[in-house]
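Student: I have a model open and want to know how its labels are earned. Can we go through them one by one?

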Amino acid sequence: MLWGTFSWASLGPVVVVEQTMNATGYLNVIADQLHSYMASVFPAGNRMFQQDNAPCHKVKIVLEWFQEHDAEFQLMSCAPNSPDLNPIEHIWDVLGRQLRVQRPPIHNISDLRDRCLNISYNLSPAI
């Protein structure tokens with residue numbers, strides 16, 4: 001599984017998540033990745049973050065974490081069951097299309113992970 005973020009200014013980090021994403025794993029990713037990315041892209045001012053409606057995003061400890069950090073950024077709502085309104089899905093689509101045309105074929109999970117990261121690192125911000 002991959003976790004990623006972006007803004008109008010740049011593509012953010014892509015993180016490989018080795019296990020099923022649960023609330024604790026999600027908190028670790030946002031605490032480790034989101035703070036530094038948001039601070040580098042938006043040094044001050046009104047920062048907003050949108051997440052989809054994945055179950056681990058709506059757990060009480062995650063929502064409490066965002067409430068504790070509301071001075072740093074505001075959490076935006078996402079419409080339920082509307083992947084077209086979730087902009088990260090368009091980035092995953094581009095990544096998937098590029099992945100499908102690569103040769104030679106993918107042989108194992110390690111190869112898949114490496115290719116996904118390579119594609120994501122080389123995506124243009126203007127996809």
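Tutor: Start with a strand contact. This is a predicted model. In it, F6 has L11 of β2 as its bridge partner.

Student: What makes β1 and β2 a pair of strands?

Tutor: The bridge count. Pairing takes at least two bridges. β1 and β2 have four, in the antiparallel sense, so they count as paired. They form a hairpin, with four residues between the strands.

Student: Why are F66 and F73 called an aromatic pair, and why edge-to-face?

Tutor: Take the distance, then the angle. The ring centres of F66 and F73 are 5.9 Å apart; the limit is 6.5 Å, so the rings pair. Their planes make 70 degrees. Edge-to-face needs over 60, so the label holds.

Student: How do you know whether F66 and F73 are buried or exposed?

Tutor: Buried means under 20% relative accessible area. F66 has 4% and F73 has 2%, so both are buried. F66 and F73 also belong to an aromatic cluster with F49 and W65.

Student: How do you know that α4 has the span expected of a helix?

Tutor: α4 covers residues 109-122, 14 in number. From first C-alpha to last it reaches 20 Å, close to the 20 Å expected at 1.5 Å a residue.

Student: What makes the contact at the start of α4 a polar one?

Tutor: A side-chain oxygen of N108 comes to within 3.1 Å of the backbone nitrogen of S110. The cut-off is 3.5 Å, so the pair qualifies.

Student: What covers the buried residues of α4?

Tutor: The cover includes β1, β2 and α3. Among the buried residues are R115 and L117.

Terms used
Residues are numbered from 1 along each chain as its sequence is written. This is a predicted model: local features need pLDDT of at least 70, side-chain atom pairs count only at pLDDT 80 or more; totals for chains, interfaces and linings use all residues. Side-chain values use heavy atoms; hydrogens and water are left out. Helices (H or I, at least four residues) and strands (E, at least two) are DSSP runs, numbered from the N terminus. The expected span of a helix is 1.5 Å times one less than its number of residues. Buried means under 20% relative accessible area, exposed over 50%, partly exposed in between (1.4 Å probe, protein chains only). Contact means heavy atoms within 4.5 Å. A polar contact is a pair of N or O atoms within 3.5 Å; within protein, one must be able to donate a hydrogen and the other to accept it, and residues adjacent in sequence count only if both atoms are side-chain atoms. Rings of Phe, Tyr and Trp (its six-membered ring) pair if their centres lie within 6.5 Å; planes under 30 degrees apart count as stacked, over 60 as edge-to-face and the rest as tilted.
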